[in-house]
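Hi everyone, thanks for coming. I'd like to walk you through one structure today, so let's put it up on the screen.

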Amino acid sequence: MRAIQVSEHGGPEVLRYVEVADPQAGPGQLLVRTEAIGINFIDTYIRTGRYPQAVPYVPGSEGTGVILAVGADVTDFSVGDRVAWAAGPGSYAEQVIVPAAVAIPVPEGVSPEVAASALLQGMTAHYLIESIYKPAPGEAVLVHAGAGGVGLILTQLLAGRGIRVITTVSTDDKEKLSREAGAAEVLRYEDDIAARVRELTGGVGVAAVYDGVGASTFEASLASLRVRGMLALFGGASGPVPEFDLQRLAGAGSLFVTRPTLVHYTRDRAELLWRAGDILNAIADGSLRIRIGATYPLAEAERAHRDLEGRKTTGSIVLLP
């Protein structure tokens with residue numbers, strides 16, 4: 001079969017389209033023919049070596065497809081079932097071995113492109129607003145990268161609950177997308193973000209900031225919070241945050257800061273099914289829309305990574321084998 005392989009850490013050019021051996025399902029595993037493959041910023045962190053990963057490897061962890069074979073001890077799935085996953089290593093490939101424990105049934109009416117890109121970003125949004133900080137109706141929050149995949153999902157879910165959502169974006173087109181998702185106010189990164197947030201909240205600040213950008217927004221995020229506000233730093237698209245003196249949190253209003261990851265918020269099958277089910281059911285009933293900003297042939301994964309890192313994309317982007 002064909003797959004993308006990384007033999008050395010580096011830029012997008014290390015993503016090479018090659019032929020590899022066909023995988024075989026072992027005990028507790030599913031062999032899946034991929035229909036669509038999700039691309040996420042974490043894939044770029046691993047590719048560059050920011051997150052350790054032995055080489056060579058096939059990148060990606062998210063996708064959807066049809067089961068070709070089931071391994072021993074698998075009882076919940078059958079050949080021909082459509083499944084999606086957000087924790088299936090080696091997903092940039094025509095066939096993928098997916099642990100049955102992380103596979104999610106795909107409801108009728110959810111397209112492969114949507115199913116392949118909804119889980120990681122959708123469950124991230126879910127844990128941020130269900131388990132990190134659950135805003136009450138009428139509260140104000142700040143969402144960075146409001147036109148990105150997680151940002152658009154967060155904004156829809158929050159606005160649907162009566163939360164006042166303030167977002168940041170980089171262009172007019174992205175502002176339009178953010179407002180369509182339900183943002184009440186949209187700021188630009190070149191603004192004095194904290195000052196504008198204070199102005200928009202009568203000097204109080206927001207209850208929470210959901211920050212997947214990292215280094216370039218961290219200080220503004222802290223300065224935008226109200227007393228006892230929560231900063232959820234769930235990514236670092238602009239780079240990692242420098243070392244930080246925790247004592248500053250006291251003087252800024254007894255603030256909270258957390259650096260969560262999805263793996264710790266899907267610790268068992270029940271929690272995984274809860275989060276994935278909420279997201280996929282919301283998509284199926286039309287209350288949540290996943291924007292597919294672009295699709296790329298699997299062979300053009302390098303171009304997809306360049307566009308993602310160059311902030312040329314909106315919503316989710318998907319590889320098609």
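Let me start with a question: which residues of helix α5, residues 193-200, are buried? Keep in mind that we are looking at a predicted model. Here, Ile193, Ala194, Val197 and Leu200 are the buried ones. Those residues lie on the same side of α5, because they cover an arc of only 130° around the axis.

What covers the buried residues of α5? The cover includes four strands, namely β8 (140-143), β9 (164-169), β10 (185-188) and β11 (206-211), together with helix α6 (218-223). And if you follow the chain just past the end of α5, you meet Gly202, which takes a positive phi of about 65°.

Now let's zoom out. The chain as a whole has 9 helices and 15 strands. Its C-alpha atoms fill a box of roughly 60 × 40 × 35 Å along the principal axes. For 321 residues, a compact globule would have a radius of gyration near 20 Å, and the chain, at 20 Å, agrees with that.

Burial first: 52% of the 321 residues count as buried. On contacts, take the pairs at least 6 apart in sequence: 67% of these contacts join residues at least 24 apart.

Finally, the surface and the charges. The accessible surface comes to about 13,500 Å², and carbon and sulfur atoms account for 51% of that. The chain carries 28 positive and 36 negative charges, and the mean positions of the two sets are 4 Å apart.

That's my tour, and I'm happy to go back to any view.

Conventions
Residues are numbered from 1 along each chain as its sequence is written. This is a predicted model: local features need pLDDT of at least 70, side-chain atom pairs count only at pLDDT 80 or more; totals for chains, interfaces and linings use all residues. Side-chain values use heavy atoms; hydrogens and water are left out. Helices (H or I, at least four residues) and strands (E, at least two) are DSSP runs, numbered from the N terminus. The radius of gyration is taken over C-alpha atoms; the globule rule is 2.2 Å times the number of residues to the power 0.38. Buried means under 20% relative accessible area, exposed over 50%, partly exposed in between (1.4 Å probe, protein chains only). Contact means heavy atoms within 4.5 Å. Accessible areas come from the Shrake-Rupley method with a 1.4 Å probe; for residues, only the protein chains shown count as cover. Lys and Arg count as positive and Asp and Glu as negative; His and the chain ends are not counted. The place of a charge is taken as NZ of Lys, CZ of Arg, CG of Asp or CD of Glu. The arc is that of the directions from the helix axis to the C-beta atoms.
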